[in-house]
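Reader: I would like to learn how to read a few features of a fold, one at a time. Could you walk me through this model?

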Amino acid sequence: MNNPILKNKFYLYLTEFFAGMSVMAVELGASRLLAPYFSSSQIVWTIIIGTIMIAMALGNIMGGRWADKNPNPDKLYGRIIIAAIWIALIPVVGKYIVIGISALLVFTISTNFLVIAAFAACMIVFVFPLFLLGTVTPSLVKYTVDSLDDSGKVVGYLNASNTIGSIIGTFVPTFISIPAVGTSITFLIFAGILLALAIVYFIAGKKRSVKAVVGAILFLISCIFGHGDSFAFWQHDLTYEGESIYNYLQVYEDDSKVVLSTNVLFGVQSVYRKEKTLTGMYYDYAMAAPYMSGLEGKKNIKMLILGMGTGTYATQCKRYFDGIEVEGVEIDQKITDLAHTYFELPEDVKVTTYDGRAYLEALSSESKHKTYDISKEQADNLKYDVIMVDAYQDITIPFQMSSVEFFTLVKNQLKDDGVMVVNMNIKSDGEDGAGINEYLADTISQVFSEVYTVDVPNNTNRELFASNNSSMIGMFRAGYMSEDDKELHDMMDQLYGHLQRYDAGDNILTDDKAPVELLSMQAIDALIRDEVDYYKDIYDREGLQGLLDSF
């Protein structure tokens with residue numbers, strides 16, 4: 001240890017601090033890199049945390065062995081440089097690796113695609129640099145412990161430095177760097193910190209390091225090429241692309257529509273038709289709910305949308321129904337901003353930035369408080385005729401918005417003849433037992449006596465309507481039959497012809513037990529398998545050229 005900087009324990013604690021900070025920053029960055037392709041579900045988070053813990057455990061083991069075998073600090077800071085280079089290259093090549101792994105695995109496996117593909121991507125992209133950072137702590141113990149008399153204190157300080165760094169590295173990316181400058185630059189920032197830390201070490205020791213020079217060059221290359229590209233790198237005509245605290249976001253448009261996507265791999269989340277007609281999507285079928293709540297017999301209809309998104313459903317209802325009062329809840333403020341900027345969300349639609357379940361809890365507490373001061377009729381007027389639950393996004397179904405307790409909260413905020421409509425993104429049902437849709441419908445049937453479902457043509461959505469009003473379907477029929485708009489009338493007539501009463505089972509989701517992500521993953525696997533089988537059949541019949549021509 002002939003480098004004078006190592007005599008300064010503060011520098012060693014600083015090394016530990018930034019190593020801990022970088023590990024957490026990379027972990028959070030990993031979730032954002034993978035989310036557009038595999039979602040940000042608990043399953044994906046479990047894979048990220050699990051693989052990173054594997055990397056850190058192996059790093060601790062090998063770091064201790066290497067420190068005993070060759071206690072040369074040059075080796076440690078050389079490893080930090082390699083880790084920094086790797087992290088800096090993630091924005092440049094990471095997404096190509098992820099999509100390459102997905103393309104390879106989708107044709108080779110038939111079950112658990114999301115789990116296997118996400119795990120493989122994590123192992124290839126993130127394990128190695130975090131393994132190297134995992135060697136930092138045992139190596140620094142070797143350099144900082146001077147005697148057994150103070151070994152406990154020194155090791156404690158090192159662990160505290162790592163933990164404090166990890167804490168800061170948890171909050172900074174989530175609340176500052178990713179929303180402000182994006183995931184790619186976040187990777188570059190923390191790679192740059194690690195690289196600077198190692199370069200300072202070699203400069204202080206007046207040592208020449210090829211790794212430091214090469215690392216600086218590769219870091220500059222990464223800065224040039226690692227922040228200007230898109231997650232959806234096959235699209236170059238996006239109207240908007242960015243990130244919020246919760247989502248990766250992209251908006252694209254053509255002559256007829258504007259589209260929001262928050263998940264590259266699984267398609268669009270919201271569509272707005274510029275010609276201001278029916279969309280041909282689930283928003284149209286969901287407009288049956290106001291009719292079911294007795295639209296024709298009421299002066300005005302109060303509607304609440306949980307999961308407002310860009311507000312296409314609200315806009316459609318405002319356009320087709322006079323006197324309807326719509327408000328929404330959307331957890332992502334940036335999506336609400338996009339709704340006003342690109343999707344023509346009416347200004348008189350109030351949107352609250354909040355979690356849907358928490359919002360209902362707040363309404364429930366408020367209504368209980370007001371009950372003492374107002375009549376039952378006045379209290380009922382505060383409730384809603386229609387509540388739309390549109391918070392399910394591909395595999396990412398919030399468990400707290402899928403349980404008996406949640407749907408009970410919805411029921412309590414509905415008028416006696418009120419209707420809940422739920423948009424279930426995944427039409428596929430379970431092949432070997434109940435699937436996610438059966439679980440949701442069975443759970444809802446525990447709360448509502450009248451439950452009906454209908455599949456939306458030409459896409460994967462299924463709409464569910466629920467009420468405790470036994471006249472719901474009769475009111476729907478009477479309401480749309482008197483509709484003057486022929487296009488809307490025909491759409492509702494089509495829906496009526498396919499509406500099915502749900503025969504409930506006993507697959508109940510509760511706050512304590514709601515395996516919605518595993519159930520959704522099974523449904524996604526089935527959809528992927530069907531799609532792959534289609535292309536496999538083309539390949540078997542027409543060969544590679546036929547397959548290429550089909551895209």
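Reader: Where is Glu-344 found?

Author: Glu-344 sits in the loop that links α13 (333–342) and β7 (350–352). In these labels, helices (H or I, at least four residues) and strands (E, at least two) are DSSP runs, numbered from the N terminus. A word on the ground rules: this is a predicted model, in which local features need pLDDT of at least 70 and side-chain atom pairs count only at pLDDT 80 or more, while totals for chains, interfaces and linings use all residues. Residues are numbered from 1 along each chain as its sequence is written, and side-chain values use heavy atoms, with hydrogens and water left out.

Reader: What is the phi of Glu-344?

Author: Start with the general idea: most residues other than glycine have a negative phi. Glu-344 has a phi near 55°, a positive value in a residue that is not glycine. Its relative accessibility is 46%, so Glu-344 counts as partly exposed. The cut-offs are under 20% relative accessible area for buried and over 50% for exposed, with partly exposed in between (1.4 Å probe, protein chains only).

Reader: And Asn-458: is it buried or exposed?

Author: Asn-458 is exposed, at 82% relative accessible area. This residue also has a positive phi, near 65°, and lies in the loop between β10 (450–455) and β11 (462–467). Those two strands form a hairpin with six residues between them, and Asn-458 is in its turn.

Reader: In what sense do β10 and β11 pair?

Author: The two run antiparallel, joined by six bridges. For two strands to count as paired, DSSP must find at least two bridges between them. Within this pairing, Val-454 has Glu-463 of β11 as its bridge partner.

Reader: Which residues lie on each side of β11?

Author: Here is the general picture: side chains in a regular strand alternate between the two faces of the sheet. In β11, Arg-462, Leu-464 and Ala-466 are on one side, and Glu-463, Phe-465 and Ser-467 are on the other. Both faces are covered, and six of the six residues of β11 are buried.

Reader: What is the strand order in the open sheet?

Author: The open sheet has eight strands in the order β7-β6-β5-β8-β9-β11-β10-β12, and its pairing is mixed. Its edge strands, β7 and β12 (500–501), each pair on one side only. You can see the mixture by following β9. Strands β8 (residues 384–389) and β9 (residues 414–424) are parallel, with five bridges, and Val-389 stands opposite Val-422 in β9. By contrast, β9 and β11 run antiparallel, again joined by five bridges, with Met-420 opposite Ala-466 in β11.

Reader: Now the helices, please. At what angle do α1 and α4 pack?

Author: In general, two packed helices are described by the angle between their axes and the distance between the axes. Here axes are lines fitted to C-alpha atoms, for helices over the stretch in contact, and angles run from 0 to 180 degrees between N-to-C directions. Helix α1 (residues 9–38) packs on helix α4 (residues 113–125) at about 150°, and their axes are 11 Å apart. That is why α1 is roughly antiparallel to α4; the label covers angles over 145 degrees, with under 35 roughly parallel, 65 to 115 roughly perpendicular and the rest oblique. The crossing is right-handed, meaning that the near helix is turned clockwise from the far one by less than a right angle (anticlockwise would be left-handed).

Reader: Which residues of α1 meet α4?

Author: Leu-33, Leu-34 and Phe-38 of α1 meet α4, where their partners include Leu-114, Ala-117 and Val-125. Contact means heavy atoms within 4.5 Å. By class, this contact has nine nonpolar residues and no polar or charged ones. Ala, Val, Leu, Ile, Met, Phe, Trp, Tyr, Cys and Pro count as nonpolar, Asp, Glu, Lys and Arg as charged, and the others, Gly among them, as polar.

Reader: How many nonpolar, polar and charged residues are in the contact of α1 with α2?

Author: Eleven are nonpolar, one is polar and one is charged. The axes of α1 and helix α2 (residues 42–69) come within 10 Å and cross at roughly 140°, in a right-handed crossing. Leu-34 and Phe-38 are among the α1 residues that meet α2, and both also meet α4.
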